[in-house]
Amino acid sequence: MSWHAPTVVPCWRYVAPTSRRMSSDPTEAESYCALFLDIVFRHGRKSTKTRPELLKEAKHKYSSSEVLPLRLGAEWWEDMKRDGMPISQQARFEAAATEYVMAQVQTVRWNEQLALKGKAPSLPDYITVRRVAVGAPLCIVASEYDLGIDLDIDILLDPLVQALQAAVSDHVAWINDILSFPKELRLGEVLNLVCLLPIHNNPCAASGLDPAAALNGNEGGRSSFGAAACRAWEMTASRHEECVGLASRIMDSPHLSANPNMEDYVRAICSIAAGNWAWSLKCNRYIDPPATSE
């Protein structure tokens with residue numbers, strides 16, 4: 001994949017770690033994300049202000065690290081359009097980017113509910129939102145641009161293609177969750193597939209799910225999380241098998257394989273999962289720092 005694929009995905013990841021209000025306050029997060037979409041995409045938005053006017057106002061409200069994604073997002077988007085991104089693809093990219101940033105807002109809402117009420121989202125709801133929030137669907141749309149193709153909507157809506165997109169997105173999300181789990185657990189963060197699996201299997205245990213206890217000698221907590229981590233790996237392995245099977249079925253489909261770009265598209269989608277897996281094994285982001293003694 002070229003540098004265009006992660007065009008919008010890094011923006012939230014860049015902002016959230018540097019802005020406490022953005023990662024913990026749903027109202028602030030939603031306001032920022034709405035401004036990001038307004039500044040970057042412009043068309044279809046209600047604002048009558050120009051992009052320079054919005055950026056100037058943003059400089060008075062946000063820090064330089066928070067303003068940078070607003071400016072870069074707009075620059076990247078204009079570059080992609082000038083480079084010839086088809087109109088239909090532009091619409092799909094904007095829709096995917098909108099879903100991506102609003103999924104971040106939903107994640108912040110869930111974190112707030114966990115902090116204030118101890119209420120976790122259901123596993124199905126989490127998986128659905130996490131599939132989008134990880135950014136893979138947006139990269140899948142961008143893969144067409146990187147390949148210089150524009151697939152017909154009937155191909156993109158084919159059940160096999162949709163299933164492959166979902167399988168790849170879940171694989172990326174779950175690898176991220178599994179490898180992030182030790183570090184997030186040490187920080188007391190529980191919005192993670194591994195933490196939510198025990199709750200899903202035993203809803204009555206939700207109020208008793210204490211991440212700190214698992215680190216302080218609670219064997220029951222360790223056992224629960226250990227089993228959940230194994231289950232998460234099994235789910236991810238199953239998704240990998242589905243990716244392989246779906247790719248094969250797509251290429252065996254006379255309707256789909258008749259498109260001369262289909263093989264390259266399938267390879268590009270699958271490379272998102274494979275590349276994420278390879279990168280994740282080497283990335284410092286997933287290294288859990290050793291516990292420090294008091």
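**Exercise 1.** In this predicted model, determine whether Thr 236 is buried or exposed, and find which residues Thr 236 is in contact with beyond its neighbours within four places in sequence.

*Solution.* Begin with the relative accessible area of Thr 236, which is 3%; because buried means under 20%, Thr 236 counts as buried. Next, place the residue in its element: Thr 236 belongs to helix α13, which covers residues 219-252. Finally, once neighbours within four places in sequence are set aside, the contacts of Thr 236 are His 171, Trp 174, Ile 175 and Ile 178.

**Exercise 2.** Establish whether Ala 96 is buried or exposed, and how far apart Ala 96 and Val 132 are in sequence and in space.

*Solution.* Ala 96 sits in helix α6, residues 87-117, and its relative accessible area of 11% makes it buried. From Ala 96 to Val 132 there are 36 residues in sequence, while the C-alpha to C-alpha separation is 8.5 Å. Not counting residues up to four places away in sequence, Ala 96 touches Leu 138 and Val 141, both of which are among the buried residues of α8.

**Exercise 3.** For helix α8 (residues 136-147), work out what span its twelve residues should have at 1.5 Å a residue, and explain why the helix is described as largely enclosed by the rest of the structure.

*Solution.* The expected span takes 1.5 Å times one less than the number of residues, so the twelve residues of α8 should span 16 Å, in agreement with the 16 Å between its end C-alpha atoms. As for enclosure, nine of the twelve residues are buried, and therefore α8 is largely enclosed by the rest of the structure. The buried residues include Cys 139, Glu 144 and Tyr 145. After α8 comes Gly 148, with a positive phi near 75 degrees.

Technical notes:
Residues numbered from 1 in each chain as written. Predicted model: local features only at pLDDT ≥ 70, side-chain atom pairs only at ≥ 80, totals over all residues. Heavy atoms only, no water. Helix = DSSP H or I, 4+ residues; strand = E, 2+ residues; numbered from the N terminus. Buried < 20%, exposed > 50% of the residue type's maximum accessible area, 1.4 Å probe, protein only. Contact = heavy atoms within 4.5 Å.
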